[in-house]
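Colleague: I've just opened this one and don't know my way around yet. Can you walk me through it?
Modeller: Sure, let's put it on screen and take it piece by piece.

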Amino acid sequence: MSHVRVFGLLMALGLMSLGSVAVVAQDVIPDNTDVRRTAWGDPNVQGIWDFRTITPFERPDELAGKDVLTAEEAAEYEQRTLALRNKDRRTEDGLSAAADVASAYNQFWWDYGDKLTEDRRTSLVVDPSNGKMPELTAVARTRSAVRRAARRRDAHWTVDRGVAERCILGFNAGPPMNPSAYNNNVQIFQAPGYVVLLNEMVHDSRIVRLDGDHLPQNIRQWRGDSRGYWQGDTLVVETTNFTDKTSFRGSGPTMVLRERFTRVSGGTLLYEYTIDDPVSFARPWSVAVPMTETDQPLFEYACHEGNYGMLNLMEGARAVDAKKAPR
Amino acid sequence: MRAKIIVAVAGVALALAAVPVVAHHAFSAEFDADAPIHLEGTVVKMEWINPHAWVHLELEDGTVWMVEGGTPNTLLRRGFSKNSLLPGTEIIVDGYQAKDGSNKGNGRDLTFKDGSKLFMGSSGTGAPRDGRDQTEPE
């Protein structure tokens, strides 16, 4: 399909009016051609992908040994989970005041999904087969304890808080990406030699080069350094060179993250990843998060500019300190 | 067998309810669980911004409070817009005050005077707009 006709298709679909959607000109997927290839012949994993799900990250103890639910069990699970997670439940429903504050605001602000994954798994963790993360090493446990202590006390400075609260990285963007409270969207673009992952939170473009070696070990980046290659129709991305400023559930700067992206039929992108970090975990472990194509746009998530919350948090911490100060 | 499955699922759901959502430990650090607030006033401004929206309301005595909400992106996805909560709208806020004692709080529960929650309109479903929900999108 020529570029002119593709443009016409875009206009007809009204996509140009969705200001926040930037479509790479030559790679729009027309209806009547092979959607699985880009114009230059690479597998096509482009699109805006929605990764909401209420499947728990780890298999709950009550479901030990049960890796998949039946359709009936899944429907009941979904119903109960949504009822119990509903943020309009408050102190009169049994929440403590502290839990009520932490619930933050009404249900209408939240967007964590209302379904389990289609395969009705009982955990997003797929390896180990018990659906739970492996044990942390002593090194990782100490590191996590230090982080936790900083979060629990009244903040001395912004660095005591998580990178998401500081508007540096989104809490569902990782890498690796995982479903969370809201804005569980990523837009994937491709160009010859590159794949770009644009996460809605925090408007973050992770550029994956499809050639070359990783950066030297002495160069560290907030999102690590991603290099990718094709394995059949699967994009394999290896990310290394992390800093010590981020941690994924206990990981450290030594983490080697391998992500796999495969477009399967029916508008689904199978996203899987393996954490390989022997300094932090007893063994490598893997997670699978199916993503669904959406025709909704990504919305801007300018974060730092409107981060009154961090200001308030600091002022609150200073107010608490002032009350404690000796007279 | 059926009863056992239901009990297991219920247990799971209960366990899940205890799992904290990553996002809002910040709220526990910002707002005081021992300082609940109940505000009735008129919207003077709504900031449709990230990471959190803020509603500014003026109380009867003239003081202006600002209350923190969630990401406006969720509301935009459900069909609401910047015109969905205009200045002059009377609302009620139940929440908790900022730890520094200022006129800020989290908008833990935002309702209209009739008790119905904000932003609960039937966006995109084709249901008739009956005028009762002032934030229902057109």
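Colleague: How many residues of domain 2 of chain A are in contact with domain 3 of chain A?
Modeller: Eight residues of domain 2 are in contact with 12 residues of domain 3. Keep in mind that this is a predicted model.

Colleague: What kinds of residues are on the domain 2 side, by class?
Modeller: On the side of domain 2 that touches domain 3, five are nonpolar, two are polar and one is charged.

Colleague: Where do the domains of chain A begin and end?
Modeller: The domain assignment gives domain 1 as 1-31, domain 2 as 50-69 + 124-306 and domain 3 as 70-115. Taken over C-alpha atoms, the centres of domain 2 and domain 3 of chain A are separated by 24 Å.

Colleague: Now the core. Which residues touch the most other members of the largest nonpolar core?
Modeller: Val289(A) and Leu313(A) do, out of 73 residues in that core. Domain 2 and domain 3 of chain A both give residues to this core, so it lies between them.

Colleague: What is Leu313(A) in contact with, leaving aside its neighbours within four places in sequence?
Modeller: From chain A there are Ala155(A) and Arg161(A), and from chain B there are Ala26(B), Ala29(B) and Glu30(B).

Colleague: Let's look at strands. Which way do β9(A) and β10(A) run?
Modeller: They run antiparallel, with eight bridges joining β9 (residues 268-276) to β10 of chain A. As one example, Leu269(A) stands opposite Met291(A) in β10(A).

Colleague: What does β1 of chain A do with β10(A)?
Modeller: Strand β1, residues 47-50, is joined to β10 (residues 285-293) by two bridges, and the two run antiparallel. Asp50(A) has Thr292(A) as its bridge partner in β10(A).

Colleague: And how many bridges pair β2 of chain A with β10(A)?
Modeller: Two, again in the antiparallel sense, with β2 covering residues 125-127. There, Val125(A) has Val287(A) as its bridge partner.

Colleague: Switching to chain B: what is its secondary structure?
Modeller: Chain B has three helices and five strands. From the N terminus on, the elements go α-α-β-β-β-α-β-β.

Colleague: In what order do the strands of the chain B barrel go?
Modeller: Five strands close into the barrel in the order β1-β2-β3-β5-β4, and the pairing is mixed. From one strand to the next, the twist averages 55°. Within chain B, β1(B) and β4(B) pair in the antiparallel sense over eight bridges. Thr42(B), for instance, has Glu90(B) as its bridge partner in β4(B).

Colleague: What share of chain B counts as buried?
Modeller: 38% of its 138 residues. As for contacts in chain B between residues at least 6 apart in sequence, 48% join residues at least 24 apart.

Colleague: Last topic, the contact between the chains. How many residues does each chain put in?
Modeller: Chain B puts in 52 residues and chain A 48 residues. On the chain B side, the elements that each supply at least two residues include α1 (2-17), α2 (25-30) and β1 (31-47).

Colleague: Which element gives the largest share of that chain B side?
Modeller: That's α1(B), with 12 residues. By class, the side of chain B that touches chain A has 29 nonpolar, 14 polar and nine charged residues.

Notes
Residues numbered from 1 in each chain as written. Chains lettered and ligands numbered in written order. Predicted model: local features only at pLDDT ≥ 70, side-chain atom pairs only at ≥ 80, totals over all residues. Pairing = 2+ DSSP bridges. Helix = DSSP H or I, 4+ residues; strand = E, 2+ residues; numbered from the N terminus. Contact = placed C-beta atoms within 7 Å. Nonpolar A, V, L, I, M, F, W, Y, C, P; charged D, E, K, R; others polar. Axes fitted to C-alpha atoms, helices over the stretch in contact; angles between N-to-C directions. Core = buried A, V, L, I, M, F, W, Y, C linked by C-beta atoms within 7 Å. Buried ≥ 20, exposed ≤ 12 C-beta atoms within 10 Å, placed from the backbone. Domains from an automatic or database assignment.
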